[in-house]
Every structure is written in structure tokens, then in C-alpha cells.
Amino acid sequence: MRILVAGAGIGGLNAALSLHAAGFSDVTVVEAAREIQQVGVGLNLPPHAVRELSELGLAAALERQGHATHELAYHDANGTLIWAEPRGERAGYRWPQYSIHRGRLQQLLLAAVRDRLGPNAVVTGQRVTALRPQHGSGVEVTTLDAHSGARCRHEADLVVGADGIRSAVRTASLGAVPLATNGWTMYRGAARGAAFRGGHCMVIVGDEHRRAVVYPIDANTLNWLIVRPQPGAPAGEPDLGNWNRAIAPEDVARWVADWRFPWLDIPALVRASEQAWEYPMADIDPQPRWTAEGVALLGDAAHAMYPFGSNGASQAIIDGRVLAQELARHASVGDALQAYEARRRPSVSEVQLANRRQAGDVMARVSAMARARDHGGAAAELQQIERRYKELAGFDIDTLNERPSFSVPGWTPPPEDAGATSTPA
């Protein structure tokens with residue numbers, strides 16, 4: 001089977017590795033960017049994501065490149081602890097939780113794809129512009145070559161759209177989907193910073209008006225993000241969904257100037273960053289379909305969601321694993337896509353909606369309790385929210401530890417591969 005994956009982000013590269021592990025060797029990844037660079041800042045990989053990457057043979061690489069997260073702690077806007085819980089193996093999972101630089105994870109996956117599928121498995125500078133089903137015999141894909149300006153044609157039995165929130169594959173196969181916004185903007189960066197709460201803690205500070213999340217991505221670097229409402233950002237704003245809009249760190253620091261705590265000076269951390277980025281937050285409504293004839297969407301192309309709960313990349317990783325498993329189980333592509341969508345779309349749609357609630361009414365209820373000095377009530381509310389969210393997203397401890405693997409029987413991951421040891425240019 002000829003498979004073309006559009007997008008060499010985390011979702012697309014993981015899908016390529018998953019397809020290879022499921023027995024599909026003719027897999028090509030096309031990426032619109034001319035060069036895959038280590039861009040972005042940190043992200044979290046909870047145990048349900050780490051399990052999938054570990055079962056692809058990347059556990060040792062993650063242990064070297066990532067930073068273990070042992071605790072999640074919520075603090076109110078005054079810096080007072082509301083509630084904390086253990087994370088990863090310390091919570092009873094069979095797999096750890098890691099924080100890692102997004103670009104570092106992408107390069108780790110890229111190296112593994114090139115090692116397992118061949119050095120030419122990922123083709124850069126190829127932007128998908130059109131799809132044409134071939135009436136039961138696959139899909140013709142047209143790409144625009146960023147280097148020459150020429151249009152190229154590719155034949156595939158299956159096209160996997162992993163090309164992000166503004167997915168060209170989604171538009172070409174299922175039609176245009178408007179982006180939605182809650183009017184909040186996220187600001188992100190990273191800087192050298194001293195360890196706090198033992199050096200392996202993710203801390204969330206704030207209320208429904210301002211919120212900061214800080215966590216280490218290595219022994220010397222703290223990743224930070226700050227969110228605040230910014231009314232007047234229309235859904236049609238060109239930068240919705242754009243992670244790469246730069247802003248001066250000083251401009252961000254002034255919005256949290258009062259968040260200096262004995263255990264963490266947040267404005268000083270922001271000012272110490274060499275660069276910061278602002279992201280007008282966006283998602284899409286849950287979609288009625290993720291698949292079309294010879295086409296499957298995954299990750300943000302299928303279910304872009306607000307970045308709460310450390311679940312955007314995690315759900316994309318699971319998408320790729322389930323898609324590969326269903327393709328290996330079914331004789332026809334159509335039956336496999338139908339099964340994939342039935343397993344993934346309903347539950348992930350609920351996660352999308354839950355992430356919208358996290359940004360609004362959830363934090364308002366918790367913060368109102370904290371302001372009333374009812375930290376016990378706020379802690380109980382947070383515990384209940386976290387429990388329900390984990391169950392919804394499929395990573396409550398018992399479910400994750402006990403469910404069968406998504407791996408296809410008979411495949412054995414390499415003991416140590418290029419994805420675990422090399423850093424490609």
C-alpha cells in the first residue's frame with residue numbers, strides 16, 4: 001500500500017513510525033517547510049503518550065531527551081497552594097510523564113523515521129494543494145514545490161492529513177472549516193531558571209483572568225506560558241492558529257509583574273527569555289467526519305483543541321497508532337478508516353469540548369472558591385475535574401495500565417535506533 005502523510009510535525013512523524021511498525025513500508029511524509037528546524041518551546045507528554053512512543057521503541061530516547069514530571073501543583077493568584085498531585089510513575093502509572101522541547105521531540109521522531117523508512121522518507125518543501133480521488137484506486141495528490149515553484153503529482157492508496165489546524169488536506173477532502181476562538185491569547189517562552197518544588201514539578205498559577213504554567217524541560221531550563229483574555233480577536237484573524245508570532249518578553253512580563261513568589265519569580269523568568277511568542281488561541285468545532293475516500297485526518301487537522309490538559313500532541317500520537325492498527329486489521333482501506341473514525345472521533349470530540357470548558361467556567365469556579373479562602377473546596381473541585389478529564393481522555397491509571405496495546409502483533413521495536421541516538425540537521 002502506498003501511503004502519503006502530509007505534515008512532518010509530531011503527529012505526522014509518529015503516524016509514519018506507527019504505519020511502519022504495522023507492516024507498511026511504502027510511506028512518504030511530505031512537509032511544506034523547506035527545512036525542519038527545532039522551533040517552538042516545551043510540551044508535556046503524559047503517560048498515555050509516553051506509552052505509545054515507548055511501544056514504538058523510543059523509551060530510551062525519551063528518557064535521555066525529556067525531563068521527568070513528578071508533580072502537578074495548582075496555586076491561586078496570590079501564590080498559595082490549592083492542591084498538588086503526583087504524576088507519571090509516582091502516581092502509579094507504568095510509564096513516566098515527560099516535559100520536552102517540542103523541536104527536540106520532533107527531531108527525535110524525524111531521525112527514527114529516516115532510520116526505519118529510509119533517508120528519503122521525509123520530503124521537505126512540498127505543500128499539498130489539491131486531492132483527487134481515483135474512483136476506488138487511490139488518490140492523486142498535487143503539491144507545490146517550495147524550491148522550484150513546480151507542481152508535483154503523487155499517487156497514493158491512502159493520504160493521511162497531519163498538516164495542522166489549517167489543514168490543506170482537510171479543506172481539499174472535506175471542505176473549509178472555520179477556526180474558533182475564545183478571545184484568549186497565549187504567550188510562551190523558555191529561559192534558564194532555578195528549580196522549584198524539587199525540580200520536577202509543573203505549576204499552574206492564577207485564575208480565570210490570568211494564568212501561568214511553568215515547568216522544567218531540562219535540568220537548567222524552565223518553560224513558561226501565560227494566558228490572558230484579549231477581547232476583539234475575530235475568528236477570521238489571519239494569525240489564528242499561528243504559533244510563530246514573536247513578541248518582546250518585557251511586554252509579556254508586565255502582565256504578571258506581581259507574580260513574584262519566594263519559590264518562583266515569574267516576571268524575572270519571562271524577562272530572562274531570549275524570545276517569546278504570542279498565540280491567539282484557536283480550535284475547531286468537533287467535526288462530523290475525519291475521513292473521506294482514501295483520506296484520513298489526525299491531530300490538529302482532525303480535532304484542533306485549546307492547549308489545556310497536555311493533550312493536543314498526545315491525542316495526535318494516539319490517532320496515528322490506532323489508524324495504523326486498523327489498517328493492519330482490515331483488508332480494505334475504506335473499512336479501516338471507518339473503524340478508525342468510530343474508535344477515535346467520539347471520544348476526542350469530547351476532549352475538545354472539555355478543553356474549552358477548562359479555559360472558562362472551570363477556572364472561574366475554582367478561582368471563586370480560592371478568593372473566598374475556601375481552598376479545601378477548590379482542591380476538591382480540582383481533584384474531581386482532573387479525575388473526570390483523565391477518564392475522558394483515556395489516561396486514568398487503571399484504564400491506561402490495563403488496556404491492550406495498540407501495537408500490531410509480531411512487530412519488535414529496534415533495541416536502539418537512530419531516533420534514539422542521532423540529531424539530524
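In this predicted model, strand β10, which covers residues 139-145, is joined to β11 by 6 bridges, and the two strands run antiparallel. One pair of residues shows how these strands are matched, for the bridge partner of Thr143 is Cys152 in β11. On the pairing of β10 with β9, there are 7 bridges, and the sense is again antiparallel; here Arg127 stands opposite Leu144 in β10. The strands β9 and β10 form a hairpin with 5 residues between them, and in this hairpin His135 takes a positive phi near 50 degrees.

Taken together, these strands make up an open sheet of 3 strands in the order β9-β10-β11, with antiparallel pairing. The edges of this sheet are β9 (126-133) and β11 (151-156), each of which pairs on one side only. If the direction of the strands is ignored, neighbouring strands of this sheet are turned by 25 degrees against each other on average. When following any such strand by eye, it helps to remember that in a regular strand the side chains alternate between the two faces of the sheet.

A second open sheet has 8 strands, and its order is β6-β5-β14-β15-β16-β13-β20-β17, with mixed pairing. Its edge strands are β6 and β17 (245-247), since each of them pairs on one side only, and the twist from one strand to the next averages 20 degrees.

What does the mixed pairing of this sheet look like at the end where β6 lies? Strand β5 (residues 71-75) is joined to strand β6 (residues 81-86) by 5 bridges, and these two run antiparallel, whereas the 5 bridges between β5 and strand β14 (residues 201-206) join strands that run parallel. Tyr74 is a useful residue to find here, as Tyr74 stands opposite Trp83 in β6 and also opposite Ile204 in β14. The strands β5 and β6 form a hairpin with 5 residues between them, and Gly79 in its turn has a positive phi of about 90 degrees. Across β5 and β6 lies helix α10 (residues 375-393), which runs at about 35 degrees to β6.

From the sheets we can turn to three helices, α1, α2 and α8. The axes of helix α1 (residues 10-21) and helix α8 (residues 312-329) come within 8 Å and cross at roughly 30 degrees, and α1 and α8 are therefore roughly parallel to each other, given that angles under 35 degrees are counted in that way. The crossing of these two helices is right-handed. On the α1 side the contact is made by Ile10, Gly11, Asn14, Ala15, Ser18 and Leu19, and on the α8 side by Ala316, Ile317, Gly320, Arg321, Ala324 and Leu327. Sorted by class, the residues of this contact of α1 with α8 are 7 nonpolar, 4 polar and 1 charged.

Helix α8 also meets α2, and the axes of α2 and α8 come within 8 Å and cross at roughly 40 degrees, which makes α2 oblique to α8. In this case the crossing is left-handed. The residues of α2 that make the contact are His48, Ala49, Glu52, Leu53, Glu55 and Leu56, while those of α8 are Ser314, Gln315, Ile317, Ile318 and Arg321. By class, the contact of α2 with α8 has 5 nonpolar, 3 polar and 3 charged residues.

How do α1 and α2 pack with each other, and at what angle? Their axes are 11 Å apart and the angle is about 80 degrees, which makes α1 roughly perpendicular to α2. In this contact Asn14, Leu17, Ser18 and Ala21 of α1 meet Leu53, Leu56 and Leu58 of α2, and the residues divide into 5 nonpolar, 2 polar and no charged.

Glu52, which was named in the contact of α2 with α8, has a further partner. The side chains of Arg403 and Glu52 meet in a salt bridge, with a distance of 2.6 Å from N to O. Because Arg403 lies in the loop between α11 (397-402) and α12 (418-421), and Glu52 in helix α2 (residues 47-65), this pair ties together parts that are 351 residues apart in sequence. A search of the whole structure finds 26 salt bridges.

Note on methods:
Residues are numbered from 1 along each chain as its sequence is written. This is a predicted model: local features need pLDDT of at least 70, side-chain atom pairs count only at pLDDT 80 or more; totals for chains, interfaces and linings use all residues. Side-chain values use heavy atoms; hydrogens and water are left out. Two strands pair if DSSP finds at least two bridges between them. Helices (H or I, at least four residues) and strands (E, at least two) are DSSP runs, numbered from the N terminus. Axes are lines fitted to C-alpha atoms, for helices over the stretch in contact, and angles run from 0 to 180 degrees between N-to-C directions. Angles under 35 degrees count as roughly parallel, over 145 as roughly antiparallel, 65 to 115 as roughly perpendicular and the rest as oblique. A crossing is left-handed if the near helix is turned anticlockwise from the far one by less than a right angle, and right-handed if clockwise. Contact means heavy atoms within 4.5 Å. Ala, Val, Leu, Ile, Met, Phe, Trp, Tyr, Cys and Pro count as nonpolar, Asp, Glu, Lys and Arg as charged, and the others, Gly among them, as polar. A salt bridge is a side-chain nitrogen of Lys or Arg within 4 Å of a carboxyl oxygen of Asp or Glu.
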